[in-house]
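Hi,

Here is the structure I said I would pass on. Have a look at it, and then read on for what turned up.

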Amino acid sequence: MSTVTASTPYDLLGVGIGPFNLALAALADGVPDIRSVFLDSSPEFSWHPGLLFEDARLQVPFLADLVTLVDPTSPWSFLNYLRTHDRLFPFYSAERFHVPRREYDHYCRWVSRGLPSCRFGARVTGISWNDTAGVFEVTWTGAGRAETVAARNVVLGIGTRPQVPAAFADLLGNRVFHAADYLRRRPGLDAAKDIAVIGSGQTGAEVFLDLLRDTTGSQRLHWLTRSPAFAPMEYSKLGLEHFTPDYTAYFRELPEPVRDRLVPAQWQLYKGISADTIAQIHDLLYDRSIEGRWPAATLTPHVDVVGVRDLGQAGIELCCRQREQDRSFTVRVDAAVLATGYSPAPPDFLDPMRSLVEWDDRGRYQVDAHHRVRLAGQVRDGLYVQNAELHTHGVGTPDLGLGAHRAAVILNALTGRTAYALPPRTAFTSFGVHPPAGPATQPPTLDPEDTRAPARTR
């Protein structure tokens with residue numbers, strides 16, 4: 001093992017290279033005095049490969065790329081990606097505000113290959129705090145070697161994990177799998193006569209639509225969801241202001257019990273279905289009903305799957321309860337696709353410093369306005385998180401549209417200056433009677449109750 005000493009630490013080390021840490025890497029590339037490195041265990045950038053349907057589109061406009069909403073002059077913008085690939089005029093003619101998901105994935109791969117700070121095939125195995133040197137020590141493996149490097153600031157951008165309901169945990173395999181693996185496992189469903197899709201967010205809708213398109217009449221589809229309806233995502237212009245830094249600042253000031261009640265109640269802001277996908281599903285169902293033959297598909301909201309029985313070759317029995325009627329019923333299927341979402345989880349490589357993290361009562365990170373995790377007082381530098389703070393920052397946390405802004409907030413905080421100027425106001429809506437001046441939109445200052453010294457760069 002080779003070790004880089006504390007005298008040569010990185011100013012910024014990112015763990016994971018998904019869209020959010022890639023945005024941070026792209027914006028950090030424009031700050032000349034930051035020495036950064038980003039590590040990811042995958043061989044190359046890959047964004048939800050199991051859901052890259054041919055016709056699926058982003059649910060956010062192309063301006064929500066890695067950099068534009070903070071620095072539209074960056075060489076890593078989506079428009080510059082198009083220019084580099086000689087596709088600006090075709091894009092202009094296409095008049096697309098929402099680009100294909102495959103194109104967004106290709107754009108991110110282009111950025112990740114162009115940034116020298118991005119290293120793939122590097123799996124982080126441990127992060128610890130060296131109190132003597134006053135730095136984080138990050139151990140990673142790759143290419144047949146192990147290395148430990150020092151960093152003054154660490155940003156966790158490892159993404160979220162597929163969420164599997166406990167009832168299905170023992171049945172995972174070819175017949176039951178999470179939608180994150182859908183396209184790879186899709187051929188194995190051809191022989192299934194009855195297929196269930198569990199969950200009704202955008203992913204569940206896209207999986208159901210894909211199966212419906214291939215159904216010739218011999219297969220029966222069952223679409224079950226806990227949600228009260230197969231409802232569209234809130235996409236009104238004022239509704240979208242929930243995905244602004246102004247709303248994030250308001251949400252952060254709410255008491256924790258209020259925040260915990262509010263997020264599930266806002267499900268249509270981040271768990272709804274695009275109106276276009278709903279229309280495609282309904283149109284296809286309608287066309288199938290011509291000549292009086294009702295399509296072999298059932299769509300049932302307000303349903304909890306409370307248990308699952310493995311019937312062997314006879315299939316799988318879903319034990320369900322209709323929540324409003326409080327009635328129990330069963331559904332027998334041959335296979336089930338779990339579009340049951342994702343959830344954050346503290347990574348195992350954080351175990352060496354787990355005792356230094358200040359967790360809340362539910363075992364979640366306590367995260368300040370600058371996306372910095374609260375750590376024990378002797379830790380002088382910053383551990384930051386991306387897309388692990390839904391409970392503290394609200395529904396905009398997983399939204400691509402806030403990725404560039406959050407990256408700029410983190411860069412401002414860890415440099416101790418305004419590396420990127422951010423707008424003082426971003427919404428017409430006044431969230432709250434006296435909306436606080438969100439610290440995330442100002443030059444960063446320390447929390448009044450935080451006695452640590454400011455995060456340092458070189």
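First, a definition for what follows: a salt bridge here is a side-chain nitrogen of Lys or Arg within 4 Å of a carboxyl oxygen of Asp or Glu. Also keep in mind that this is a predicted model.

By that rule, the count comes to 31 salt bridges. I'll take you through a few of them.

Let's start with Arg145, which forms a salt bridge with Glu147; their closest N and O atoms are 2.6 Å apart. Are these two buried or exposed? Arg145 counts as partly exposed, because its relative accessibility is 41%. Glu147 has a relative accessible area of 11%, so this residue is buried.

Next come Asp190 and Arg186, whose side chains meet in a salt bridge at 3.1 Å, N to O. With a relative accessible area of 54%, Asp190 is exposed, whereas Arg186 is buried at 9% relative accessibility.

The pair I'd click on next is Arg332 and Asp194, where the side chains make a salt bridge with an N to O distance of 3.7 Å. Which parts of the chain does this pair tie together? Arg332 sits in strand 16 and Asp194 in strand 11 (residues 194-198), so the salt bridge links parts that are 138 residues apart in sequence. Arg332 is partly exposed, its relative accessible area being 35%. Asp194, on the other hand, counts as buried, with just 3% relative accessibility.

There is also a network to look for: Arg226, Asp304, Arg321, Arg323 and Asp326 are joined into one by salt bridges that share partners.

Now for the sheet that strand 16 belongs to. Three strands make up this open sheet, in the order 14-15-16, and they pair in the antiparallel sense. Which strands are at the edges? Those are strand 14 (303-310) and strand 16 (327-333), each of which pairs on one side only. On average, neighbouring strands in this sheet are turned by 25 degrees against each other, ignoring direction.

If you want a closer view, go to strand 15 (residues 316-322), which pairs with strand 16 in the antiparallel sense over seven bridges. Leu318 is a handy place to look, as this residue stands opposite Val331 in strand 16.

So if you open one place in the viewer, try strand 16: this edge strand of the sheet also holds Arg332, the partner of Asp194 in strand 11.

Cheers

Methods
Residues numbered from 1 in each chain as written. Predicted model: local features only at pLDDT ≥ 70, side-chain atom pairs only at ≥ 80, totals over all residues. Heavy atoms only, no water. Pairing = 2+ DSSP bridges. Helix = DSSP H or I, 4+ residues; strand = E, 2+ residues; numbered from the N terminus. Axes fitted to C-alpha atoms, helices over the stretch in contact; angles between N-to-C directions. Buried < 20%, exposed > 50% of the residue type's maximum accessible area, 1.4 Å probe, protein only.
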